[in-house]
Amino acid sequence: MIQHVPAASEIIAREEASGRRWQDEMADLVTDPAELVRLLGLDPKQLPDALRAAGGFALRVPRPYLRRMRPGDPQDPLLLQVLPGAPELEPAAGFSGDPLGEAHANPVPGVVHKYRGRLLLIAAGQCAINCRYCFRREFPYGDNHLSRTQWQGALEYIRGQDGLREVILSGGDPLVLNDRQLARLAGELAAVPHLDKLRVHTRLPVVAPSRITDELLAWLAGTRLKPVLVLHCNHANEIDGEVRAGLQRLRAAGVTLLNQAVLLRGVNDSVAALSALGEALFDSGVLPYYLHQLDRVRGAAHFEVDDETALELVRGVREQLPGYLVPRLVREIPGERSKTPL
Ligand code: SF4
């Protein structure tokens, strides 16, 4: 039964009219499953399970993302990515807390160094959104929340790695940091002679497009390092006009835009959904880069798509789209030097 939809529409219209800044969006996330259920007019019977699952991994949804969900539809592909539910609480063989073994590739706090030429700098311990399938849902962000001294330690480590070419700002979502902090960090990295690329892994321009500020464009365009932004977008419905406009501004600023999606049962496991995603990304100036097989993290088993089906889907997409819009189907295997193509 659809409830309260007019109220949700009114709230949404008020928010759109107010021209909110991204900091306002971050301060006003939907974190209470009861509010999410109410705003979307969903069946309140889902609530007890949602509350239990949110106890282990909190609900976090920016309101611009919520606006793109279909009211009254419990199978909405955006809703399924964020709504906590009972399947998360069921144990599943082969699913663990640290599916990628990152805990062993953490040489100094804040750094995950698995590959020779590039490393991850955990620039922030939070995201704007909590995706239920996230492989880092149990990552010890608390231990990687960097003090000033630890930041210096991480930079020192980067300076000492001659073979390093690229630093990947990751998290959490690095764009939850403000542009002043990020510009300073980009400056410190640009001063390391052996680096030539700076990559940012982020979902924020998709879930809260007001994050694409003039200041963000200025430091990305102003660094001597080649800027690459890898988005995380799983479904064409995640891209509305505002997201598209923001991405086009990034592109116009000279930022290379790529996307990595995760193949998720019930969300994008059809040729039609994956093809529509490829087209929507291209319309926004973004190339589909990777389609990831799910990392087997505890609580995410219900999203898994088997390899045979995944390969079949990619074959289907190849028949629909030009080759440059067909993402590479990959899996991350602990201990491997790079992602493993299927
Ligand atoms: S945005 Fe990425 S890192 Fe953050 S919760 Fe979602 S999948 Fe995890």
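These legends describe close-up views of a predicted model.

**View 1. The open sheet and its edges.**
The sheet is open and has 9 strands. Their order is β1-β2-β3-β4-β5-β6-β7-β8-β9, and the pairing is mixed. β1 (111-112) and β9 (340-341) stand at the edges. Each has a single partner strand, so one side of each lacks a neighbour in the sheet.

**View 2. Pairing of β1 with β2.**
Strand β2 covers residues 118-122. β1 and β2 pair in the antiparallel sense, over 2 bridges. V111 has L121 of β2 as its bridge partner.

**View 3. Helices α7 and α8 on the sheet.**
Helix α7 (residues 148-159) lies across β1, β2 and β3 (166-170). It runs at about 175° to β2. Helix α8 also packs on the sheet, where it touches β2, β3 and β4 (197-202). The direction of α8 makes about 160° with that of β3.

**View 4. Helix α8 beside helix α10.**
Helix α8 spans residues 179-190, and helix α10 spans residues 214-222. Their axes come within 10 Å and cross at roughly 0°. Angles under 35 degrees count as roughly parallel, so α8 is roughly parallel to α10. On the α8 side, D179, L182, A183 and A186 make the contact. On the α10 side, the contact is made by E215, L216 and W219. By class, this contact has 5 nonpolar and 2 charged residues, with no polar ones.

Conventions: Residues are numbered from 1 along each chain as its sequence is written. This is a predicted model: local features need pLDDT of at least 70, side-chain atom pairs count only at pLDDT 80 or more; totals for chains, interfaces and linings use all residues. Side-chain values use heavy atoms; hydrogens and water are left out. Axes are lines fitted to C-alpha atoms, for helices over the stretch in contact, and angles run from 0 to 180 degrees between N-to-C directions. Helices (H or I, at least four residues) and strands (E, at least two) are DSSP runs, numbered from the N terminus. Angles under 35 degrees count as roughly parallel, over 145 as roughly antiparallel, 65 to 115 as roughly perpendicular and the rest as oblique. Contact means heavy atoms within 4.5 Å. Ala, Val, Leu, Ile, Met, Phe, Trp, Tyr, Cys and Pro count as nonpolar, Asp, Glu, Lys and Arg as charged, and the others, Gly among them, as polar. Two strands pair if DSSP finds at least two bridges between them.
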